[in-house]
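Please look through the structure below. This report covers a helix pair, then the spaces inside the protein.

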Amino acid sequence: YTEGNKMKEMQATLPQTFYIKPGKFIWSYLGTFLFMLGGCIENSWLSAWLNTQGFDQSHIGQIFAGYGIVVAITSWLSGVCVDVFGPKKVMVTGFIVYLLASVAFLNFALPSHDFSAILVTYMLRGVGYPLVCYSFLVRLTIQLDNHQQGIGTSLFWVVYNLGFTIIGPVVAASLIPALGHINVMWAGMGVALLGVLFMLVLERNEFILKPRTTPVFKELSAGISIMYERPRIGLAVIVKTINGLGTYGFVVVLPLFLLDKHFTLEEWASIWGITFISNQVFNIIFGWMGDKIGFRRTIQIFGSILTGVATLIVYWVPMIWGHNYVAFMLAMCLWGAGLAGFVPMTPLVPMMAPDKKGAANSAVNFGSGLGNFVGPALVSVLAGFGTGVVMYTMAGLYLFSGILVQFLKVPGEK
């Protein structure tokens, strides 16, 4: 009895008209790209810029960890909120909070150089992308035909990362000399607004809310309670958190390590962008592969094992060869490919709880957001022991996730 058989059975229980093909969501895919590009345009340079404004590593770490906590909480809320209120209302709420927090951050907090004001307003900016973009992701897991879940959710991560980690940093780097750091963030808000309009106005697919039989608070708490009521969902959250360790931890630990090996920050920035080009290519490959050979096997081999080994190679290459741009770039591209192996987590987890898809989506989104906090936090705790300890710990956790993935089974699967 296989994952595939179970998917076919679940598919047969719903009317075919319920399903929508990924291509029908073109405006939401484009909106996600634009929102991630504009709404997170500062991600690759804000920490370095704050350092030039007189903030030390500890304070900057606290700002980013605070942002990560808010991202984790709102990521958890997104799944159940879509079930309760529908995706568009959740997106509007997320965008309004993001907009107000951004205006306060840019107009008052940054000019004042007040740490508490910067911390609070930047944390509130973290409400934006989970409620706007993850609401669309949750919608995909609800409305895509099961045999298109892999490719449909892979496309989401492609446009998400295209805006967030590839084109966003390049656009920012090219605009900062002409506009300045603050004005680039204002421009980013305009692009984010355009993305939201695509998702709210041009997206015409119908979303029918299921009638509610339980109170809203109980529905919201289901995103947490499902983790201990169904321990396998709890394990899935741990795997999803480990998935994000490098994405959010590498940007803290590697730049300083590479400066010591005579790399420039420009070289690091270009390699980081190239890494996620590799990641995007393999997102599509592993999304397709997940539909063919099974989600769990894809995650184990290419997510856990490949990423764990590649994390060690990323550390070893500069240690052995020093300043070798091509060798380090290839090591990072291998790591980026491994990271894509975790893409099938998005469709797999809701299938593990077909009767509580909203809660399962909330749980997996919580794991995604938690990586945003745990990655930088792990680095700040272990950095005193040296970069090697940080990298070996991350590699060990990636490999450990492969053991946990073995237990992520859909109902009825032996």
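Gly294 has a positive phi of about 105 degrees, and Gly294 sits just after helix H13. Keep in mind that this is a predicted model.

**The helix pair**

Helix H13 covers residues 265-293, and helix H14 covers residues 295-321. Their axes come within 7 Å. They cross at roughly 130 degrees. That makes H13 oblique to H14, because angles of 65 to 115 degrees count as roughly perpendicular and those over 145 as roughly antiparallel.

Which residues meet? On the H13 side they are Phe286, Met289, Gly290, Asp291 and Ile293. On the H14 side they are Phe295, Arg297, Thr298 and Phe302. By class, this contact of H13 with H14 has five nonpolar, two polar and two charged residues.

Now take H13 by itself. This helix has 29 residues. From its first C-alpha to its last, H13 reaches 40 Å. The expected value, at 1.5 Å a residue, is 42 Å, and the span of H13 is close to that.

**The cavities**

How many cavities of 30 Å³ or more does a search of the whole structure find? There are two.

Start with the largest cavity. Its space is about 270 Å³. The lining has 18 residues. Nearest the centre lie Trp157, Asn161, Lys240, Asn243 and Thr247. Five helices each supply at least two lining residues: H8 (149-179), H11 (231-243), H12 (245-260), H13 and H15 (325-340). H8 gives the largest share, with four residues.

The second largest cavity has a volume of about 30 Å³. Phe35, Gly39, Cys40, Tyr67, Tyr98, Arg125, Gly128 and Tyr129 line this cavity. Helix H2 (26-39) and helix H7 (128-143) are the elements that give two or more residues to that lining.

**The largest pocket**

About 1500 Å³ of space lies in the largest pocket. Its lining counts 50 residues, and the closest to the centre are Ser44, Ser47, Ala48, Val251 and Pro255. Several helices give two or more residues here, among them H3 (46-52), H4 (57-85), H17 (357-382) and H18 (387-405). H8, H12 and H13 are also included. Which helix gives the most to this lining? H12 does, with nine residues.

**The linings by class**

The table sets out the three linings.

| Space | Volume | Nonpolar | Polar | Charged |
|---|---|---|---|---|
| Largest cavity | about 270 Å³ | ten residues | seven residues | one residue |
| Second largest cavity | about 30 Å³ | five residues | two residues | one residue |
| Largest pocket | about 1500 Å³ | 32 residues | 17 residues | one residue |

H13 ties the topics together. This helix meets H14, supplies at least two residues to the lining of the largest cavity, and gives two or more to the lining of the largest pocket.

Conventions:
Residues numbered from 1 in each chain as written. Predicted model: local features only at pLDDT ≥ 70, side-chain atom pairs only at ≥ 80, totals over all residues. Heavy atoms only, no water. Axes fitted to C-alpha atoms, helices over the stretch in contact; angles between N-to-C directions. Parallel < 35°, antiparallel > 145°, perpendicular 65-115°, else oblique. Contact = heavy atoms within 4.5 Å. Nonpolar A, V, L, I, M, F, W, Y, C, P; charged D, E, K, R; others polar. Expected span 1.5 Å × (residues − 1). 1 Å grid on protein atoms, 1.4 Å probe; cavity = no way out; pocket = protein on both sides within 12 Å on 5 of 7 lines; lining within 4 Å. Points joined across faces, edges and corners; volume = space filled by probe spheres on them.
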